[in-house]
Amino acid sequence: MPDPGPAPGSDHDGAPDGGADNGGGDGNRAYGHKPFRRARSHFADRITADGRDGWPVAAGRYRLVVSRACPWASRAVISRRLLGLEDALPMAVADPIQDDRSWRFTLDPDGRDPVLGIRFLGEAYRAREPGYSGGVSVPAIVDVPSGKLVTNDFQQITLDLATEWTALHRPGAPDLYPQQHRDEIDAVMDGVYRDVNNGVYRAGFATGQEEYEEAFGALFRRLDALSEHLSHRRYLVGDTLTEADIRLFTTLVRFDAVYHGHFKCNRFKLAEDPVLWAYAKDLFQTPGFGDTVDFHHIKQHYYRVHTGINPTGIVPLGPELSGWLTPHHREELGGRPFGDGTPPGPVPPAEEVPLPGRP
């Protein structure tokens, strides 16, 4: 997640979707007042089939901590569901409104995660590195027996879920990072990451007009190119869903609700681009995508936490969500969403997104 520093009120290595755990006095007010940059994850251990970093894949050993508000964490939520890892990798959902002590578990009884027994995600960071005072980000994977953070490497987590956790995938799980397409997937993801995933933040957290206009221009040039690319193909790479689609979706699904107004990315709304809107609706209506999205959490986080941008804390009532369920007609382009696999089953009851977070 992104970085003005790390600054008080920013997440790991400074991402605006995180929550500072350093007790900084300016807290969330820092958003929008410092130059934007995104740093590397501080804790980049990997959980692998062979356990080469000391963290072997094991069912039930780890806990995935996410916020449904955060696009970077939402990647992991979608991947986990598509691959059927719900039982193997239990999930904790943090309150979308974090404070200066980081993401907090105030959605749970007594304000504690019922498995880890902690009130703030920062406690797992300090269990891993005593005295740690940097940013605290989601997604994060915590080792349950020790209570220590394993990784907050949002770029690698989902790739490892797809390639290292295969022994625990559900029958019929799709191949989200197919070997034969990895070079193309990586190239597409690189441009999407730079200009779209990061681009909305560079625009929204710009501290000067020139900086804003540069990010704005790169964002919409990339969206135009993606619209053209997707005008004749259903998915970004090949004829099936891949990691590339997940990474683009998590920004697109937030675009009209947050980035268009809150981050001043307003050349057009997603719903005004026929191709991107149909593509995003197609994914939203695919099991594993829209059923993980909580628009209530998304708006509560951005509009109430980013007080440097939205000092009143007023949360807009729109946009209307029913459009996400209207026909998209993308199936006319062909494609096989899950390849030779099958859709995931129903959402576990404990993980269903409640109203008003869904259409």
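The lining of the largest pocket mixes classes: 7 nonpolar, 1 polar and 6 charged residues. Here Ala, Val, Leu, Ile, Met, Phe, Trp, Tyr, Cys and Pro count as nonpolar, Asp, Glu, Lys and Arg as charged, and the others, Gly among them, as polar. This is a predicted model, in which local features need pLDDT of at least 70 and side-chain atom pairs pLDDT 80 or more, while totals for chains, interfaces and linings use all residues. Numbering runs from 1 along each chain as its sequence is written, and side-chain values use heavy atoms, with hydrogens and water left out.

Back in the pocket, 14 residues make up the lining, and Arg-68, Val-93, Leu-107, Ala-350 and Glu-351 sit nearest the centre. A pocket is an open set of points on a 1 Å grid over the protein atoms alone where a 1.4 Å probe fits, with protein on both sides within 12 Å along at least five of seven lines; lining residues have an atom within 4 Å of a point. Strand S3 gives the largest share of the lining, 3 residues.

As for the overall build, the protein has 9 helices and 6 strands; these are DSSP runs numbered from the N terminus, with at least four residues (H or I) for a helix and at least two (E) for a strand. Of the 359 residues, 57% are buried, where buried means under 20% relative accessible area, exposed over 50% and partly exposed in between (1.4 Å probe, protein chains only).

Helix H9 (residues 295–305) is a good place to look for burial: 9 of its 11 residues are buried, so the helix is largely enclosed by the rest of the structure. Among them are Phe-295, Ile-298, Lys-299 and Tyr-303. The cover over these buried residues includes helices H1 (71–83), H5 (199–204), H7 (243–259) and H8 (274–284), along with strand S3 (91–93). At the N-terminal end of H9, Asp-294 acts as a cap, with a side-chain oxygen 3.0 Å from the backbone nitrogen of His-296.

The backbone has a few quirks too. Val-138 and Pro-139 are joined by a cis peptide bond, with omega about 0°, and Pro-139 falls in the loop between strands S4 (135–136) and S5 (140–143). Another cis bond links Leu-355 to Pro-356, with omega about 10°; Pro-356 belongs to the segment after H9. Lys-264, though not a glycine, has a positive phi of about 60° and lies in the loop between H7 and H8. At 41% relative accessibility, Lys-264 counts as partly exposed.

Definitions and conventions: Contact = heavy atoms within 4.5 Å. Polar contact = N/O pair within 3.5 Å; in protein donor to acceptor, adjacent residues only side chain to side chain.
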